[in-house]
Amino acid sequence: MQEAMRIGLVVAAILAVLTFVEYVFAVNVSNDVLRFIGLALAAFGKAGAIIYYFMHVNRTWRVEESH
């Protein structure tokens with residue numbers, strides 16, 4: 001249980017950092033193309049972390065154990 005809690009906290013910290021990066025790009029970057037690229041990369045990074053760690057998509061392709 002400790003390992004799962006630690007991973008959850010690390011992922012939450014990563015999501016917080018990526019949210020801050022999104023904010024910085026949205027507020028401080030005046031070049032539209034660069035702003036779009038920064039926001040898109042941060043959003044894809046957040047989506048990937050959520051899908052992998054919280055939705056457990058990595059378990060989708062595992063071979064089931066026999067009972």
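**Two helices and how they meet**

Hi everyone, let me start with one residue: setting aside neighbours within four places in sequence, lysine 46 is in contact with Leu15, Leu18, Thr19 and Glu22. Before I go on, please keep in mind that this is a predicted model.

So where does lysine 46 sit? It is part of helix H2. Is lysine 46 buried or exposed? With a relative accessible area of 18%, lysine 46 falls under the 20% limit and therefore counts as buried.

Now look at one of its partners, glutamate 22. This residue lies in helix H1. Glutamate 22 is buried, and its relative accessible area is 18%. Its contacts, again leaving aside neighbours within four places in sequence, are Leu39, Ala42, Ala43 and Lys46. So we have a lysine in H2 and a glutamate in H1, in contact with each other.

Let's step back to the helices themselves. H1 covers residues 2–28 and H2 covers residues 32–54. How do their axes run? They come within 9 Å of each other and cross at roughly 165°. Angles over 145 degrees count as roughly antiparallel, and H1 and H2 are therefore roughly antiparallel to each other. As for handedness, the crossing of H1 past H2 is left-handed.

Which residues make up this contact? From H1 we have Ile7, Gly8, Val11, Leu15, Leu18, Thr19, Val21, Glu22, Phe25 and Ala26. On the H2 side they meet Leu34, Arg35, Gly38, Leu39, Ala42, Ala43, Gly45, Lys46, Ala49, Ile50, Tyr53 and Phe54. Sorted by class, the contact of H1 with H2 has 15 nonpolar, four polar and three charged residues. Our two opening residues, Glu22 and Lys46, are both in that list.

Next, the aromatics. How many aromatic pairs are there? The count comes to one. That pair is tyrosine 52 with tyrosine 53: the ring centres are 4.9 Å apart and the planes stand at 85°, so the pair is edge-to-face. If you want the reasoning, planes over 60 degrees apart count as edge-to-face. Tyrosine 52 is partly exposed, at 39% relative accessibility, and tyrosine 53 is also partly exposed, at 38%. Tyr53, you may recall, is among the H2 residues that meet H1.

Let me finish with a few residues of H1 and some distances, all taken between C-alpha atoms. Methionine 5 is in helix H1, and it is exposed, with a relative accessible area of 53%. How far is methionine 5 from tyrosine 52 in space? They are 15 Å apart, with their positions 47 residues apart in sequence.

Phenylalanine 20 is in H1 as well. Is phenylalanine 20 buried or exposed? At a relative accessible area of 54%, it is exposed. Its C-alpha atom and that of alanine 42 are separated by 9.3 Å, while along the chain the two are 22 residues apart. Ala42 itself belongs to the H2 side of the contact.

Last one: valine 27, also found in H1. Valine 27 counts as partly exposed, at 49% relative accessibility. From valine 27 to arginine 62 is 35 residues in sequence and 42 Å in space, C-alpha to C-alpha.

To sum up, we have two helices that are roughly antiparallel in a left-handed crossing, with lysine 46 and glutamate 22 both buried. Thanks for listening, and I'm happy to take questions!

Methods:
Residues are numbered from 1 along each chain as its sequence is written. This is a predicted model: local features need pLDDT of at least 70, side-chain atom pairs count only at pLDDT 80 or more; totals for chains, interfaces and linings use all residues. Side-chain values use heavy atoms; hydrogens and water are left out. Axes are lines fitted to C-alpha atoms, for helices over the stretch in contact, and angles run from 0 to 180 degrees between N-to-C directions. Helices (H or I, at least four residues) and strands (E, at least two) are DSSP runs, numbered from the N terminus. Angles under 35 degrees count as roughly parallel, over 145 as roughly antiparallel, 65 to 115 as roughly perpendicular and the rest as oblique. A crossing is left-handed if the near helix is turned anticlockwise from the far one by less than a right angle, and right-handed if clockwise. Contact means heavy atoms within 4.5 Å. Ala, Val, Leu, Ile, Met, Phe, Trp, Tyr, Cys and Pro count as nonpolar, Asp, Glu, Lys and Arg as charged, and the others, Gly among them, as polar. Rings of Phe, Tyr and Trp (its six-membered ring) pair if their centres lie within 6.5 Å; planes under 30 degrees apart count as stacked, over 60 as edge-to-face and the rest as tilted. Buried means under 20% relative accessible area, exposed over 50%, partly exposed in between (1.4 Å probe, protein chains only).
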